[in-house]
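Trainee: Could we go through this structure together, slowly, with each term explained when it comes up?

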Amino acid sequence: QKLDDGRLQMFQQKEAKFRQQQQSELAALLKRIDARRKEHIKQRALDSKRLLQRNRNVQAVLESKQAVETNRRKQDIKNS
């Protein structure tokens with residue numbers, strides 16, 4: 001009986017240690033996942049900001065070209 005109690009206690013200790021190790025590993029994995037998720041969100045925000053600025057630049061160039069072309073057409077109409 002004492003031998004079985006000793007084995008049971010040893011098994012319970014090993015099981016508790018194993019569960020604690022599993023919990024620690026899970027916590028570490030969740031921490032890594034969270035860090036990568038935050039990095040991904042940060043990168044998406046940066047990419048969106050760059051794309052938005054690029055679109056603004058393209059729009060400004062097109063508006064400038066359109067203004068030049070409009071002025072040129074007005075001049076052509078005045079001169080004819």
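What follows is a set of questions and answers on the fold, the surface and the charged side chains.

Mentor: Before we begin, note that this is a predicted model, in which local features need pLDDT of at least 70 and side-chain atom pairs count only at pLDDT 80 or more, while totals for chains, interfaces and linings use all residues. Residues are numbered from 1 along each chain as its sequence is written, and side-chain values use heavy atoms, with hydrogens and water left out.

Trainee: How many helices and strands does the secondary structure of the protein come to?

Mentor: Helices (H or I, at least four residues) and strands (E, at least two) are DSSP runs, numbered from the N terminus. Helix H1 covers 2–79, and Ser 80 lies in the segment after it. The count for the protein is therefore one helix and zero strands.

Trainee: What radius of gyration does the protein have, set against a compact globule of 80 residues?

Mentor: The radius of gyration is taken over C-alpha atoms, and the globule rule is 2.2 Å times the number of residues to the power 0.38. The C-alpha atoms fill a box of roughly 115 × 10 × 5 Å along the principal axes. A compact globule of 80 residues would come near 12 Å, but the protein has 34 Å.

Trainee: What percentage of the 80 residues count as buried?

Mentor: Buried means under 20% relative accessible area, exposed means over 50%, and partly exposed lies in between (1.4 Å probe, protein chains only). Ser 80, for example, is exposed because its relative accessible area is 78%, whereas Ile 33, at 45%, counts as partly exposed. For the 80 residues of the protein, the share that counts as buried is 0%.

Trainee: Which residues make the nonpolar surface patch of about 270 Å²?

Mentor: Patches are made of residues with over 30% relative accessible area and no salt bridge, where like charges are joined within 9 Å and nonpolar side chains (Val, Leu, Ile, Met, Phe, Trp, Tyr) within 5 Å. The areas come from the Shrake-Rupley method with a 1.4 Å probe, and for residues only the protein chains shown count as cover. The patch is made by Leu 26, Leu 30 and Ile 33.

Trainee: Which residue meets Arg 19 in a salt bridge?

Mentor: A salt bridge is a side-chain nitrogen of Lys or Arg within 4 Å of a carboxyl oxygen of Asp or Glu, and a search of the whole structure finds five of them. Arg 19 is exposed, with a relative accessible area of 53%, and its partner counts as partly exposed at 30%. The two are four residues apart in helix H1, so they are separated by about one helical turn. With a distance of 3.1 Å from N to O, the partner of Arg 19 is Glu 15.

Trainee: How far apart are the closest N and O atoms of Arg 72 and Glu 69?

Mentor: Arg 72 and Glu 69 are three residues apart in helix H1, so about one helical turn separates them. Arg 72 is partly exposed at 46%, and Glu 69 is partly exposed at 29%. Their closest N and O atoms are apart by 3.1 Å.

Trainee: Which residues do salt bridges that share partners join into one network?

Mentor: Within helix H1, Asp 34 and Arg 37 lie three residues apart, about one turn of the helix, and the closest N and O atoms of their salt bridge are 3.9 Å apart. The residues joined into one network are Asp 34, Arg 37 and Lys 38.
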